[in-house]
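User: I am new to this structure and would like to learn how to read its features step by step. Could you begin with the overall layout and then turn to single residues?

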Amino acid sequence: MQLTNYLIPEHLLMRVKADDKYELLDLMVDRVCHSDLMTNSGLDLDAAREAVHARERERSTALGGGFALPHARLPSFKGLGLAVATLETPMDFGGGEMVTTESAVIVRYAGKLDIDPHEQAPILL
């Protein structure tokens, strides 16, 4: 699996203005769910939003160094969605972590992905 197959130009959000991390997450999920790549994928916008929000409420996905990796699993979705955003201004992502650039693996289904196990580590959620 090549992650570049899933990171297409329309999934790149540059210098995003958002009031909080949940607004940012919604923008990213919306971009992925409405892209041509996801047409007929079975990816449900509301379910994806709720899954990403629920995961973020469980524990912040801020990794430090200005980076966060929000993500979620959706058992009903058989695929991978990926978006990357940079922020206009730093944002508190919880736990005192300020995020300046964010990369998000938005969804991954609970079934098996058809990938080489050595390539799976970077996208394990």
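Analyst: A good start is to count the elements and then follow their order; in this predicted model, the chain has 3 helices and 5 strands, which from the N terminus run β-α-α-β-β-β-β-α.

User: How many residues does the chain hold, and what share of them is buried?

Analyst: The chain has 125 residues, and 42% of them are buried. Turning to its outside, the exposed area comes to about 6,900 Å², of which carbon and sulfur atoms supply 51%. Among contacts with a separation of 6 or more, 66% link residues that lie 24 or more positions apart.

User: Where does His71 lie, and is His71 buried or exposed?

Analyst: To place a residue, look for its element and then for its accessibility: His71 sits in the loop between β3 (67–68) and β4 (80–92), and His71 counts as buried because its relative accessibility is 13%, while the cut-off for buried is under 20%.

User: Which partners does the side chain of His71 reach?

Analyst: The side chain of His71 makes a polar contact of 3.3 Å with the side chain of Arg55, and the His71 side chain also comes to 2.7 Å from the backbone oxygen of Leu69.

User: Where is Met14 placed, and why does Met14 count as exposed?

Analyst: Met14 belongs to strand β1, residues 12–16, and Met14 counts as exposed because its relative accessibility is 57%, where exposed requires over 50%. Together with Leu7 and Leu12, Met14 makes a nonpolar surface patch of about 260 Å².

Conventions. Residues numbered from 1 in each chain as written. Predicted model: local features only at pLDDT ≥ 70, side-chain atom pairs only at ≥ 80, totals over all residues. Heavy atoms only, no water. Helix = DSSP H or I, 4+ residues; strand = E, 2+ residues; numbered from the N terminus. Buried < 20%, exposed > 50% of the residue type's maximum accessible area, 1.4 Å probe, protein only. Contact = heavy atoms within 4.5 Å. Areas by Shrake-Rupley, 256 points an atom, 1.4 Å probe, with all protein chains shown as cover. Polar contact = N/O pair within 3.5 Å; in protein donor to acceptor, adjacent residues only side chain to side chain. Patch = residues over 30% accessible without salt bridge, like charges linked within 9 Å, V, L, I, M, F, W, Y side chains within 5 Å. Salt bridge = Lys/Arg side-chain N within 4 Å of Asp/Glu carboxyl O.
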